[in-house]
Amino acid sequence: HTIRARERGFGKTIVLVVDHKMPEPDRDAGSRTVQAMLRAMLDAGCIVKFWPANAAYVPGYTEALQDMGVEVFHGPNPPKFEAWIAEHGRDVDVALLSRPDIAEPYLPATRRHSTARAIYYGHDLHFRRLGTDGPAMEVRERAIWRSVDLSLYPSDEEALMASVMEPGAAFRSVVPYAFDRFARPRTPPDNREILFVAGFGHPPNEDAAVWFVRSVLPAIVAQIPDAHVTIAGSNPTDTIKSLAGTHVSVVGPVSPAEL
């Protein structure tokens, strides 16, 4: 019981969280969600371990988790997950697996070597946004739902839809994060500015921005000729940058502090 002993963790819940990379909460909503969940678990008195599948150390972001009190597995020679969970799985109480591409490879080893309650956080219903690739993803997601103890989604609509599709599985919706403080009341600006904020490392966000600029903005400009859109966010693609024009500006990457 070394992972309990070194943290004086007897009687405490140990949670293992696995995601594809280190959370970068100022760059994408998924990262902000995962970091908020980690903080909530710590606030609840849990011992929290974070396993980024790419094992990458990310300056500033790795330290941010460690400063919170999370043990982070990273480095050039990280332990193999199967070996680690085989050695320590009996002390893991909860395993939170984020996204289908993580749940699929990590869930079997978690089940083999621990009795941890397995929770899947889907972020969204992936099959709904994948077009022609949707049916294959639906098969994968439904298999995950049946294999875990609980699946979480950030909206009541998605949790309800999934529960109708797999009535034998357990689903809940969760508010991933909220503001802990608010700005002073102020009057709206008198300009015609529209702000579009997204992390463009996530392809659906690129699709949304392109659709808005090409299909929606012309109708707005027809009625409000001085309307202008500023597209802001991390990892802007060449396609996003090409949207810049008379009525569109593209800035980025930016953080919430800069906005």
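Start by selecting strands E1 and E4 in this predicted model: they run parallel and are joined by four bridges. For one concrete pair, click on Val 15 and look across to E4, where Val 94 stands opposite.

**Stop 1: strand E1 and its other neighbour**

Keep E1 selected and add strand E2, residues 47–52. These two also pair in the parallel sense, this time over six bridges. Val 15 shows up again here, standing opposite Val 48 in E2. A little further along, Val 18 has Trp 51 as its bridge partner in E2.

Now show the side chains of E1. Which way do they point? Ile 14, Leu 16 and Val 18 go one way from the strand, while Val 15, Val 17 and Asp 19 go the other way. Both sets are buried. With six of its six residues buried, E1 is largely enclosed by the rest of the structure.

If you wonder what holds neighbouring strands side by side, strands of a sheet pair through backbone hydrogen bonds, either parallel or antiparallel.

**Stop 2: the seven-strand sheet**

Zoom out to see where E1 sits. In what order do the seven strands lie? Reading across the open sheet, you get E3-E2-E1-E4-E5-E6-E7, with parallel pairing. Strand E3 (71–72) and strand E7 (171–173) are the edges; each has a single partner strand, so one side of each has no neighbour in the sheet.

**Stop 3: helices across the sheet**

Select helix H2, residues 29–43. This helix lies across E1, E2, E4 and E5, and runs at about 155° to E2. Follow the chain from E1 through H2 to E2 and you have traced a right-handed β-α-β unit.

Then hop over to H7, which lies across strand E6 (150–153) and E7. Its direction is at about 170° to E7.

**Stop 4: helix H3 and its buried side**

Next up is helix H3, residues 61–68. Which of its residues are buried? Colour Tyr 61, Thr 62, Leu 65 and Met 68, which are buried. They sit on the same side of H3, because they cover an arc of only 125° around the axis. It helps to remember that an α-helix has 3.6 residues a turn, so residues three or four places apart point the same way. The buried residues of H3 pack against H2, E2 and E3.

Just after H3, click on Gly 69: its phi is positive, near 110°.

**Stop 5: two loop residues with a positive phi**

Ala 55 is in the loop between E2 and H3. Its phi is positive, about 60°, although Ala 55 is not a glycine. Is Ala 55 buried or exposed? Its relative accessibility is 16%, and since buried means under 20%, Ala 55 counts as buried.

For the second one, go to the loop between E4 and H5, where you will find Arg 99. Arg 99 isn't a glycine either, yet its phi is positive at about 85°. Arg 99 is buried too, with a relative accessible area of 17%.

**Stop 6: the nonpolar cores**

Show Leu 16, Val 18, Trp 51, Phe 81 and Trp 145 as spheres. These are the residues with the most contacts inside the largest nonpolar core, which has 30 residues. Elements that give two or more residues to this core include strand E1 (14–19), helix H4 (81–88), strand E4 (94–98) and helix H6 (134–147). Helix H5 supplies the largest share, five residues.

Apart from this core lies another one, of 22 residues. To find it, pick out some of its members, among them Leu 38, Cys 46, Phe 50 and Val 94.

Now centre the view on Trp 145. Not counting residues up to four places away in sequence, Trp 145 touches a set that includes Tyr 120, Phe 127, Tyr 153, Met 165 and Phe 171.

**Last stop: the three-strand sheet**

Finally, move to the open sheet with the order E8-E9-E10, where the pairing is parallel. Its edge strands are E8 (193–197) and E10 (248–251), each pairing on one side only. From one strand to the next, the twist averages 20°.

Select strand E9 (residues 228–232) and E10, which are linked by four bridges. Val 229 has Val 248 in E10 as its bridge partner. Then add helix H8, residues 203–223, which packs on this sheet and touches E8, E9 and E10. The direction of H8 makes about 165° with that of E8.

Note on methods. Residues are numbered from 1 along each chain as its sequence is written. This is a predicted model: local features need pLDDT of at least 70, side-chain atom pairs count only at pLDDT 80 or more; totals for chains, interfaces and linings use all residues. Side-chain values use heavy atoms; hydrogens and water are left out. A nonpolar core is a set of buried Ala, Val, Leu, Ile, Met, Phe, Trp, Tyr and Cys residues joined through side-chain atoms within 4.5 Å. Buried means under 20% relative accessible area, exposed over 50%, partly exposed in between (1.4 Å probe, protein chains only). Contact means heavy atoms within 4.5 Å. Two strands pair if DSSP finds at least two bridges between them. Axes are lines fitted to C-alpha atoms, for helices over the stretch in contact, and angles run from 0 to 180 degrees between N-to-C directions. The arc is that of the directions from the helix axis to the C-beta atoms. A crossover is right-handed if, with the strands pointing away from the viewer, the path from the first strand over the helix to the second runs clockwise.
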